[in-house]
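Me: Could you walk me through this model step by step? I would like to learn how to read it.

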Amino acid sequence: MIVSAKQPTDCMTFCDVMRLFRADLIRRFELKERRMTPLSLLQAFLSPGVLGVLLFRVGNWLHAKDYRIAFRLIERFIFLITRAELQTGARIGPGLVLPDEGTVGISSHSRLGLNCTLFALSTIVAKEGGADDIVIGDYCVIGRRARLYGAIELGDGTQVKDNSMVFSSVVHPGMILCGVPAHCTLQVPLELVRNWNPLKGKPLRAASTPRTL
Amino acid sequence: MRQSFAETWRLIRADIDWRCLYERKKRSPLTRLRLMFHPGSATVVLFRWQRFFDTNHLGFLATICRWLNLILFTSSYSSGADVAGGFLVVHATAVCVDEGVVIGPRCILFAQNAISRSPFVDGKPNAPSGVPIVDSDVVFGIGASAHGAIRIGRGCHIGMNTLVDFSAVPGSTLLGVPARVIWQNPNPPSVHNS
């Protein structure tokens, strides 16, 4: 289930990083329902959401190589241009999309699956002093200003609604969490979540296929 | 739809005038100029120019406006949003207005608001995917957000950190995640007396 979130970063080459970023870019174009042309690619690279993800991937590689000054600098640069705090130690699967141009917070203790979508001001933080990771499954959608706190585990296709705060694990797939503190309001089939376009609020044009390294 | 220069200027004037009224200041040219550089007004002015450039095939300038809004105010406005004059953002931080959203006149957004289409699957594959329509004189508290194909009636007040995902009748006060109506104003403000 959450295997893709546990990708090893220590033995990652630069080609793997670029492959991951390519998957992120393809996923973004899929969700935006745009064709990949030179002009649209240029526009995408001017978007802070894409730049933030690219820099995060490079920073992740530098983190794995233990180039401390370089990845710290990249973290600061990401914050400067996108207002997002993406700590480079986080392990994030391919297909990460930050649709609201960044402004998210992901701590280094996080492990995200493939094709996750994080909206603005969503925050994923580990408990202070906690050693365990936050594990989030594939195809999760984290709404605006949603907070995920502590060593929790969310199943595949979990959707956290806006302004919710999640403190406990929900491992069943396809759950919708809402409230402060969050509780499960509905369970939808995982297949429906996989083929859902969170940016357009409707099913994807073409059924998405999981991408792995 | 193409937005002319005169229309853009008229909208900006309406926004600044509404801010003068909100801050109880005299509407003198100097006050208007000063308020134009207030962060809350500046983000709205940038959005107006972004929409003007985007609808007049000047996408590069629109992208610059979008970037400035993001870097300076961490706010993102879509050029496809139809926002009437008298739009007030009190504190310009992390405001998100999605494509196709319709916002009526004299609406107030405090900070960190999101008005967008719903990104979530609700179990109904044929459910209408749409954007909120916000009527006039609606106040969004700090962190309040509205999403989905809903209509927020005239004079609604949405409390802090509230998530609205259903239509609200005019004069409602909403609070909570998910929102519930905690008070219903029997006399919601009309266009003439607000």
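Reply: Happily! Two residues are in contact if their C-beta atoms, placed from the backbone, lie within 7 Å. Please keep in mind that this is a predicted model.

Me: How many residues does the contact take from chain A and from chain B?
Reply: Let's start with the side of chain A that touches chain B: β13 (175-178), α5 (190-194) and β16 (202-203) each give two or more residues to it. By class, that side has 17 nonpolar, seven polar and nine charged residues. The contact takes 33 residues from chain A and 23 residues from chain B.

Me: Which residues have the most contacts inside the largest nonpolar core?
Reply: That core has 103 residues. Helix α3 (residues 48-65) of chain A gives the most to it, with eight residues, and both domain 1 (1-73) and domain 2 (98-186) of chain B supply at least three residues each. Those with the most contacts inside the core are L177(A) and V164(B).

Me: What is the distance between the end C-alpha atoms of helix α3 (residues 39-55) of chain B, and why is that expected?
Reply: This helix is mostly covered, with 13 of its 17 residues buried. At 1.5 Å a residue, its 17 residues should span 24 Å, so the expected value agrees with the distance in the model: 24 Å.

Me: How far apart are the C-alpha centres of domain 1 and domain 2 of chain B?
Reply: Chain B is divided into domain 1 (1-73) and domain 2 (98-186). Taking the C-alpha centre of each one, the distance between them is 23 Å.

Notes:
Residues are numbered from 1 along each chain as its sequence is written. Chains are lettered from A and ligands numbered from 1 in the order in which they are written. This is a predicted model: local features need pLDDT of at least 70, side-chain atom pairs count only at pLDDT 80 or more; totals for chains, interfaces and linings use all residues. A nonpolar core is a set of buried Ala, Val, Leu, Ile, Met, Phe, Trp, Tyr and Cys residues joined through C-beta atoms within 7 Å. A residue is buried if 20 or more other C-beta atoms lie within 10 Å of its own, exposed if 12 or fewer, and partly exposed in between; C-beta atoms are placed from the backbone. Helices (H or I, at least four residues) and strands (E, at least two) are DSSP runs, numbered from the N terminus. Domain bounds come from an automatic or database domain assignment. The expected span of a helix is 1.5 Å times one less than its number of residues. Ala, Val, Leu, Ile, Met, Phe, Trp, Tyr, Cys and Pro count as nonpolar, Asp, Glu, Lys and Arg as charged, and the others, Gly among them, as polar.
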